[in-house]
Amino acid sequence: MTPLDNTPDASSPAGAGSTGAAAPASLSVQRPVLEHTLESLAREMMQERRSERRWRIFFRLAWLGLVLGVAWVLMSDRVHHNAPSGPHTALVELRGEIASDSDASAELILSGLRNAFEDSGARAVVLRINSPGGSPVQSGIINDEIRRLKALHQKKVYAVVEEVCASGAYYVAVAADEIYVDKASIVGSIGVLMDGFGFTGLMDKLGVERRLITAGSNKGMLDPFTAQDPAQRAYAQAMIDQVHQQFIRVVREGRGARLKESPDTFSGLFWNGEQAVELGLADHFGNLDFVAREVIKAEEVIDYTPHDNVAERLAKRFGAAIGEGAVRAAGGLSRLR
């Protein structure tokens, strides 16, 4: 028998017995490895879940902090920063164009004026003006409210002009008890305008046809691409003449006998500060510090001016963008305007 004959037959009982003994040994070795792998996976899953939970908490806290920060900014800019510490001069600034969406809107200016009047430590209110004017509606609202607050709280208001106090800004200023200017300030422009452009001649040269469909004979009034209608122009002229008379009446009521009227007073002309004092459009020369120190006798000045801050501007622009998108979405509809 050759040596090969000594090799156990795989089908023999001895061969079967040796294979059966090796299998449990292999399983016993693999079981701890499998358990260790499962434990590692479980630990990793737990760590991932903890990490996800931490990040969720972090982002929630971050959003909460952002919301609180925006809210704080919105509130802080609406309140004057210097707390009154006894008798003082209350200041409200009117700067830039007077319009409903500007820092010189009636809403913002009146918010500051009301706070100033209601503070018992404020001896008087100074409205410091540097504005070329703007909306007659916004100007009229401010003028009316100044007169009401003066009567209600029995406090004086002084208008202090810096560079410019013209048109609607002067409409506001005449509600003050006295107007102080610099010699070189620009004051006046008591008038009303309605401006626009006409392109009919250019359209004829370019061969462009204007197609305007309206319901109502005056709906396209003052359209810049249509020849001006004499009757419609006369109507617009009468309308702004009426607004002009309202302006004149307010100036006369505010200035009274101090105003030295001439044919130019209500013509829309403007004058420097020195001429304005001579004509009775203003009372004296002086700046904020002079009025607080020498006139009101309360040298400490507290600023009550509210400001439309960055967060509010972003919110307004976001709202305007949404509104514009809605209008574009409805672009196929007829417009009522």
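How far apart should the ends of helix H3 be, given its 18 residues? In this predicted model, H3 covers residues 136–153, and at 1.5 Å a residue the helix should span 26 Å. Its end C-alpha atoms are indeed 26 Å apart, so expectation and model agree.

Both ends of H3 have something to look at. At the N-terminal end, Ser135 acts as a cap, with a side-chain oxygen 3.2 Å from the backbone nitrogen of Val137. After the helix comes Gln154, whose phi is positive, near 55°. In between, the buried residues of H3 include Ile142, Ile146 and Leu149, along with Gln138, Asn143, Glu145 and Lys150. Among the elements covering the buried residues of H3 are helix H2 (106–118), helix H6 (230–255) and the strands S2 (122–131) and S3 (157–166).

Those two strands also belong together with the helix: S2, H3 and S3 make a right-handed β-α-β unit. S2 and S3 run parallel and pair over six bridges, and one pair of bridge partners is Ser131 and Cys165 of S3.

Next up is S3 itself. Seven of its ten residues are buried, so S3 is largely enclosed by the rest of the structure. Besides pairing with S2, S3 is joined in parallel to strand S4 (residues 178–181) by three bridges, with Tyr158 partnering Glu178 of S4. Here too there is a right-handed β-α-β unit, made of S3, H4 and S4. Strand S5 (residues 186–188) is also parallel to S3 and joined to it by three bridges; in this case Val164 has Ile186 of S5 as its bridge partner.

Note on methods: Residues are numbered from 1 along each chain as its sequence is written. This is a predicted model: local features need pLDDT of at least 70, side-chain atom pairs count only at pLDDT 80 or more; totals for chains, interfaces and linings use all residues. Side-chain values use heavy atoms; hydrogens and water are left out. Helices (H or I, at least four residues) and strands (E, at least two) are DSSP runs, numbered from the N terminus. The expected span of a helix is 1.5 Å times one less than its number of residues. Buried means under 20% relative accessible area, exposed over 50%, partly exposed in between (1.4 Å probe, protein chains only). Contact means heavy atoms within 4.5 Å. A polar contact is a pair of N or O atoms within 3.5 Å; within protein, one must be able to donate a hydrogen and the other to accept it, and residues adjacent in sequence count only if both atoms are side-chain atoms. Two strands pair if DSSP finds at least two bridges between them. A crossover is right-handed if, with the strands pointing away from the viewer, the path from the first strand over the helix to the second runs clockwise.
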